[in-house]
Number of protein chains: 2
Amino acid sequence: MTQATIEAPRWLEPHEQAAWRAYLEMNAKLTAHLNRQMQADFGLSIADFSVMVQLSEHVDGRMRVLELARAMDWEKSRLSHQLTRMQQRGLIERSNCSEDRRGAWIVLTDHGRKTIETAAPGHVEVVRTYLFDVLSADQVDALGAISRAVADRLDAACTGVVDPCQTADTCD
Amino acid sequence: MTQATIEAPRWLEPHEQAAWRAYLEMNAKLTAHLNRQMQADFGLSIADFSVMVQLSEHVDGRMRVLELARAMDWEKSRLSHQLTRMQQRGLIERSNCSEDRRGAWIVLTDHGRKTIETAAPGHVEVVRTYLFDVLSADQVDALGAISRAVADRLDAACTGVVDPCQTADTCD
DNA sequence: CGGATTTAGTTGAGCCATCAACCAAGAGCG
DNA sequence: CGCTCTTGGTTGATGGCTCAACTAAATCCG
């Protein structure tokens with residue numbers, strides 16, 4: 001239980017409430033828009049895209065599964081399923097690993113590399129058009145600072161768990 | 001196609017890139033945390049919770065399906081599936097509508113109302129702890145303004161489509 | 001060496017989201 | 001009335017996410 005006994009509910013102030021709802025709305029719409037654009041124009045999900053971005057930023061376009069999972073902050077299971085689907089579509093390949101025979105290298109295929117190089121500009125364009133073009137320079141900085149602060153706070157809560165909260169005893 | 005021919009990619013500036021990645025990270029972690037807390041403590045998803053919040057804010061705790069869909073900005077199909085699952089768990093009920101015999105009223109059950117009243121304080125507590133307690137008053141205002149601006153921009157792009165982008169010709 | 005523990009990664013079940021197709025009731029109109 | 005169009009809502013297929021359980025290789029340690 002996160003909160004066993006709640007003494008005083010401490011409701012949100014009106015302007016906090018407004019900010020929270022606006023944030024939820026922005027987030028839902030932005031995510032939906034990015035996903036739709038990716039799917040419609042290139043048949044990719046944001047998840048596909050993110051995996052390929054990580055791979056393409058590494059020399060040889062190859063990474064170990066857990067390395068990738070840590071970089072993306074994904075559960076290994078989620079990533080494994082994702083990789084299976086991407087492999088079926090020929091975007092990546094699994095090649096086995098001589099250093100550690102349990103392990104696997106995940107490699108971006110030529111087709112995968114071409115796909116992401118084609119898709120990336122359109123994606124950036126959407127992010128620019130609907131986010132950065134709408135914000136002032138100060139707002140961009142504010143968004144960065146806010147996001148960093150909240151992300152760090154959440155990191156501090158789940159201290160250094162690799163596979164986040166894998167046992168029953170969640171971070172609390 | 002969103003971008004048929006791309007002349008100059010217009011990549012993101014370093015500080016924009018940083019802000020964007022931080023935003024994605026915050027969002028992923030915050031969403032995951034909220035979902036986990038809800039699921040672990042009350043067996044609810046955020047989707048369940050959101051639906052019940054809408055219903056509970058209406059007199060009699062009942063709404064028509066499309067009214068609910070519009071209020072939440074969900075596709076009607078998504079909502080319909082969601083309602084089916086919630087009905088199976090006894091959180092809501094469908095009762096048929098005398099005014100329009102195609103339609104249905106969605107009603108919060110007693111169990112549903114109790115559930116959300118129990119769950120709400122814990123949810124708010126998490127939002128407060130990991131978001132608002134971390135931010136200054138100025139940052140809260142900034143977050144509200146940023147979110148509103150971006151959400152409005154996205155609204156303007158998909159002008160007044162109820163069921164967002166239902167045909168092949170997506171908003172753009 | 002040999003047994004216990006940890007680490008790397010996969011698998012399956014169940015819930016959630018999206019898309020396209022569908023059905024039935026109302027509304028407009030000749 | 002009867003025909004079409006629109007609206008309210010559901011359904012099925014498919015892909016994605018989470019949790020728990022599992023396999024197999026590596027490591028630790030006596």
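This is a chat about a predicted model of two protein chains and two DNA strands.

Trainee: What should I know before I start?
Mentor: Residues are numbered from 1 along each chain as its sequence is written, while chains are lettered from A and ligands numbered from 1 in the order in which they are written. It's a predicted model, where local features need pLDDT of at least 70 and side-chain atom pairs count only at pLDDT 80 or more, but totals for chains, interfaces and linings use all residues.

Trainee: OK, how are chains A and B related?
Mentor: A turn of 180° and a shift of 0.0 Å along the axis lay chain A on chain B with an RMSD of 0.0 Å. That's the relation of a two-fold axis. The superposition is by least squares on the C-alpha atoms of residues with pLDDT of at least 70 in both.

Trainee: How many residues of each chain are in contact?
Mentor: 55 residues of chain A are in contact with 54 residues of chain B; contact means that C-beta atoms, placed from the backbone, lie within 7 Å.

Trainee: Which elements of chain A are on that side?
Mentor: H1, helix H5 (110-130) and helix H6 (137-157) of chain A each give two or more residues. The largest share, 18 residues, comes from H1(A). Helices (H or I, at least four residues) and strands (E, at least two) are DSSP runs, numbered from the N terminus.

Trainee: And what classes of residue are there?
Mentor: That side of chain A has 33 nonpolar, 11 polar and 11 charged residues. Here Ala, Val, Leu, Ile, Met, Phe, Trp, Tyr, Cys and Pro count as nonpolar, Asp, Glu, Lys and Arg as charged, and the others, Gly among them, as polar.

Trainee: Which surface do the copies meet through?
Mentor: The same one, because 98% of the interface residues of chain A are also interface residues in chain B.

Trainee: Switching to DNA: which residues are closest to strand C?
Mentor: A:Val65, A:Leu66, A:Ser77, A:Ser80 and A:Gly103, out of 30 residues that surround DNA strand C. A residue is near a strand if its C-beta atom, placed from the backbone, lies within 6 Å of it. H4(A) supplies the largest share of that surface, six residues. By class, the surface has seven nonpolar, 10 polar and 13 charged residues.

Trainee: What about strand D?
Mentor: 29 residues are around DNA strand D, and those that come nearest are A:Ser77, B:Leu66, B:Ser77, B:Ser80 and B:Gly103. H4(B) gives the most to this surface, with six residues. The classes there are seven nonpolar, 10 polar and 12 charged.

Trainee: What does the sheet in chain B look like?
Mentor: It's an open sheet of three strands in the order S1-S3-S2, with antiparallel pairing. Strands pair if DSSP finds at least two bridges between them. Strand S1 (62-64) and strand S2 (92-96) of chain B stand at the edges with a single partner strand each, so one side of each has no neighbour in the sheet.

Trainee: How many bridges join S2(B) to S3(B)?
Mentor: Five, and the two strands run antiparallel. B:Ile92 stands opposite B:Leu108 in S3(B).

Trainee: Which helices pack on the sheet?
Mentor: H2(B) does, touching S1 and S3 of chain B, and its direction makes about 100° with that of S3(B). H4(B) packs there too, touching S2 and S3 of chain B, at about 110° to the direction of S2(B). Axes are lines fitted to C-alpha atoms, for helices over the stretch in contact, and angles run from 0 to 180 degrees between N-to-C directions.
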